[in-house]
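The following exercises introduce a reader to one structure. Each task is followed by a solution that proceeds step by step.

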Amino acid sequence: MPSITVLSGGMGGAKFLQGLLHGLRSGQLPYPADTRITVIANTADDLWIHGLKVSPDLDTVMYTLGDGIDPGRGWGRRNETWSVKEELATYGVEPTWFGLGDRDIATHLVRTQMLEAGYPLSAVTEALCRRWLAPVFEDTVRLLPMTDDRVETHVAIPDAESPSGKRVVHFQEYWVRLRAEVPAEQVVFVGLEASTPAPGVVEALTDTDLVVLPPSNPVVSVGTILGVPGVREALLDTEAPVVGLSPIVGDAHVRGMAEQMLTSIGVEVSAAGVALHYGHRAKGGVLDGWLVDERDAHHLSRIQESGIKTAAVPLMMTDHDTTAAMAAAAIDLAT
Ligand code: FO1
């Protein structure tokens with residue numbers, strides 16, 4: 001059975017997966033409809049809040065593919081209510097800037113109870129996906145956390161009051177409360193060096209027909225997955241071609257905070273900058289191929305010079321057919 005492995009953050013990766021699955025089911029892709037899809041999701045956005053463990057990228061992929069996502073927000077549940085959030089605010093409980101919906105809280109209660117009972121995050125995710133993915137995809141779609149270990153992305157921001165002139169906030173505070181409107185002076189991945197790939201992650205990279213890096217954040221989503229010791233080695237070892245799609249279109253991010261994150265690590269905010277940051281696999285990088293948007297066709301030669309195969313196609317995921325065409329272009333590039 002052919003298989004495709006996708007490294008995913010939250011919204012961008014989830015949207016790409018919807019298009020990939022649509023393309024497989026509608027016969028638009030040169031892979032059979034029941035091709036096995038393994039999603040390796042970033043867990044460094046995770047946070048403990050109100051005593052609950054929240055895994056935003058795992059939940060965004062799970063709710064999106066399971067059709068429970070709120071399409072407007074792109075995170076959390078559709079038809080959500082916020083009674084608990086309102087009650088917590090009335091009690092004056094902080095933080096109030098990160099909203100947990102009533103339905104969403106049930107997911108975090110199940111996850112927290114299972115973690116406290118000693119189950120690893122991968123077992124928790126498998127249990128939650130029995131509800132969200134199995135009814136739709138049986139066992140052809142699998143969602144794996146990048147690691148079972150605790151990893152958290154923290155961001156150093158300017159702070160005149162502190163002696164060092166900076167203070168560190170959790171990524172979610174940087175993104176949700178501060179709206180990424182302050183410069184990210186440094187991004188710190190707490191626990192990443194000591195983490196190990198979750199069960200199935202290495203095999204999903206070495207024993208597959210294609211690996212895709214969708215247009216997720218190259219620093220705090222795909223970047224963190226690549227930072228789990230053993231993942232890069234698996235990508236260097238795999239027989240499968242590795243193809244990425246640029247999250248930067250027209251020298252800007254489409255959504256999120258990729259511009260701020262790339263700038264904080266000194267990478268040029270362009271389709272070429274990200275490709276060269278990921279690097280060509282023959283030179284110790286991770287890419288064989290890289291898709292850029294038609295608006296960025298002027299970057300093609302610079303990318304080609306690095307050895308990475310590249311092409312310019314429409315990269316705005318406006319609907320499932322368009323996204324399926326992007327997946328088809330990625331598969332083309334890989335063959
Ligand atoms: N994003 C927001 O902008 N505001 C929120 O209150 C918020 C709550 C939230 C709760 C659960 C969850 O899974 C995601 C949530 N997000 C919220 C989105 C979250 O910041 C993003 O999904 C990623 O972490 C960033 O890519």
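Rings of Phe, Tyr and Trp (for Trp, its six-membered ring) form a pair if their centres lie within 6.5 Å; planes under 30 degrees apart count as stacked, over 60 as edge-to-face and the rest as tilted. The model is predicted, so local features need pLDDT of at least 70 and side-chain atom pairs count only at pLDDT 80 or more, while totals for chains, interfaces and linings use all residues. Residues are numbered from 1 along each chain as its sequence is written, and side-chain values use heavy atoms, with hydrogens and water left out.

**Exercise 1. Aromatic pairs**

Task: State how many aromatic pairs there are by this rule, and determine why the pair of Trp-75 and Trp-82 is edge-to-face.

Solution. The rule gives 4 aromatic pairs. In one of them, the ring centres of Trp-75 and Trp-82 are 6.3 Å apart and the planes stand at 70°, so this pair is edge-to-face. The next step concerns accessibility, where buried means under 20% relative accessible area, exposed over 50%, and partly exposed in between (1.4 Å probe, protein chains only). Trp-75 has a relative accessible area of 35% and is partly exposed; Trp-82, with 23%, is partly exposed.

A further pair is formed by Tyr-278 and Trp-290: their ring centres are 5.6 Å apart and their planes are at 70°, so the geometry is edge-to-face. This pair links distant parts of the chain, since Tyr-278 belongs to helix H12 (residues 271–278) and Trp-290 to strand E13 (residues 289–293), 12 residues apart. Helices (H or I, at least four residues) and strands (E, at least two) are DSSP runs numbered from the N terminus. Tyr-278 counts as buried at 4% relative accessibility, and Trp-290 counts as buried at 0%.

**Exercise 2. The ligand and its surroundings**

Task: Identify how many residues surround the ligand, and which polar distances are found for Trp-75, Gln-172 and Arg-179.

Solution. The ligand is surrounded by 13 residues, of which the closest are Asp-45, Pro-56, Gly-99, Gln-172 and Arg-179; a residue is near a molecule if one of its heavy atoms lies within 4 Å of it. An N or O atom in the Trp-75 side chain is 3.4 Å from a nitrogen atom of the ligand. For Gln-172, a side-chain N or O atom is 2.6 Å from a ligand oxygen atom. For Arg-179, a polar side-chain atom lies 3.2 Å from an oxygen atom of the ligand.

Arg-179 also has its charged end over the ring of Trp-175, 4.8 Å from the ring centre. Likewise, the charged end of Arg-73 sits over the ring of Trp-75, 4.7 Å from its centre. A charge sits over a ring if NZ of Lys or CZ of Arg is within 6 Å of the ring centre and within 35 degrees of the ring normal.

**Exercise 3. A sheet and its loop**

Task: Establish in what order the strands of the open sheet lie, and where Asp-159 is placed.

Solution. The open sheet has 3 strands in the order E7-E6-E8, with antiparallel pairing; two strands pair if DSSP finds at least two bridges between them. Strand E7 (166–170) and strand E8 (186–190) are the edge strands, each pairing on one side only. Strand E6 (residues 152–158) is joined to E7 by 5 bridges, and Pro-158 stands opposite Lys-166 in E7. Asp-159 lies in the loop between E6 and E7 and counts as buried at 14% relative accessibility.

Technical notes
A polar contact is a pair of N or O atoms within 3.5 Å; within protein, one must be able to donate a hydrogen and the other to accept it, and residues adjacent in sequence count only if both atoms are side-chain atoms.
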